[in-house]
Amino acid sequence: MLWAQRSVRAEELPSIERLFRDQVDAFDPDSRMLLVSVDGAWPMLQLWVGTLNADLQSSYFGFTPCSRRDLPRAPVLVSGASARFSQIFHD
């Protein structure tokens, strides 16, 4: 999985979630992709998106590629499969 991150204003989250869900519906039958967040200084959120490939990742304007070690230790699941989220962040 490829990861990317970006700080966004809270009101930007719904459009990013829609893009994410559209991609999952079209390209991720195994529910591997994740969208997670950590609260920043209000009204900001720090988002991380895990996609299957660079083509999907390129759809997320302003997101910067990052490595798995750059992921937060205790994020909140925004969208994606809760089992996959638990596997990555709680196991």
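## A tour from Phe20 outwards

Select Phe20 in this predicted model: apart from its neighbours within four places in sequence, Phe20 is in contact with Met33, Leu34, Leu35, Val49, Gly50, Tyr60, Ser79 and Gly80.

Next, widen the selection to the core around this residue. The largest nonpolar core has 15 residues, of which Ile16, Phe20, Leu47, Val49, Tyr60 and Phe63 touch the most other members. Colour strand 1 (2–9), helix 1 (13–27) and strand 3 (44–51), since each of these elements supplies at least two residues of this core; helix 1 gives the largest share, 4 residues.

A second core, separate from the one just shown, holds 9 residues, and Trp3, Val36, Cys66 and Phe85 are among them. Phe85 leads on to helix 3 (residues 82–89), where Phe85, Ile88 and Phe89 are buried. These three residues lie on the same side of helix 3, because they cover an arc of only 80 degrees around the axis. To see what covers the buried residues of this helix, display strand 1, strand 2 (34–39) and strand 5 (76–80), which are included in that cover.

Now move to Arg6, which has its place in strand 1. Leaving out residues up to four places away in sequence, Arg6 touches Glu12, Ile16, Leu45, Gln46, Leu47, Phe61, Gly62 and Phe63. Two of its polar partners are worth displaying in turn: the side chain of Glu12 makes a polar contact with the side chain of Arg6 at 2.9 Å, and the backbone oxygen of Phe61 lies 3.1 Å from a polar atom of the Arg6 side chain. The pairing of Arg6 with Glu12 is also a salt bridge, with 2.9 Å between the closest N and O atoms, and Glu12 itself is partly exposed, at a relative accessible area of 25%.

How many salt bridges does a search of the whole structure find? The search finds 3, and the remaining stops visit the others. Select Arg9 and Glu11, which form a salt bridge whose closest N and O atoms are 2.9 Å apart; Glu11 is exposed, with a relative accessible area of 54%, whereas Arg9 counts as partly exposed at 39%.

Finally, return to helix 1 and select Glu17 and Arg21, whose side chains meet in a salt bridge (3.2 Å, N to O). Both residues lie in this helix, 4 residues apart, about one turn. An α-helix has 3.6 residues a turn, so residues three or four places apart point the same way. Glu17 counts as buried because its relative accessibility is 16%, while Arg21, at 43%, counts as partly exposed.

Terms used. Residues are numbered from 1 along each chain as its sequence is written. This is a predicted model: local features need pLDDT of at least 70, side-chain atom pairs count only at pLDDT 80 or more; totals for chains, interfaces and linings use all residues. Side-chain values use heavy atoms; hydrogens and water are left out. A nonpolar core is a set of buried Ala, Val, Leu, Ile, Met, Phe, Trp, Tyr and Cys residues joined through side-chain atoms within 4.5 Å. Buried means under 20% relative accessible area, exposed over 50%, partly exposed in between (1.4 Å probe, protein chains only). Contact means heavy atoms within 4.5 Å. The arc is that of the directions from the helix axis to the C-beta atoms. A polar contact is a pair of N or O atoms within 3.5 Å; within protein, one must be able to donate a hydrogen and the other to accept it, and residues adjacent in sequence count only if both atoms are side-chain atoms. A salt bridge is a side-chain nitrogen of Lys or Arg within 4 Å of a carboxyl oxygen of Asp or Glu.
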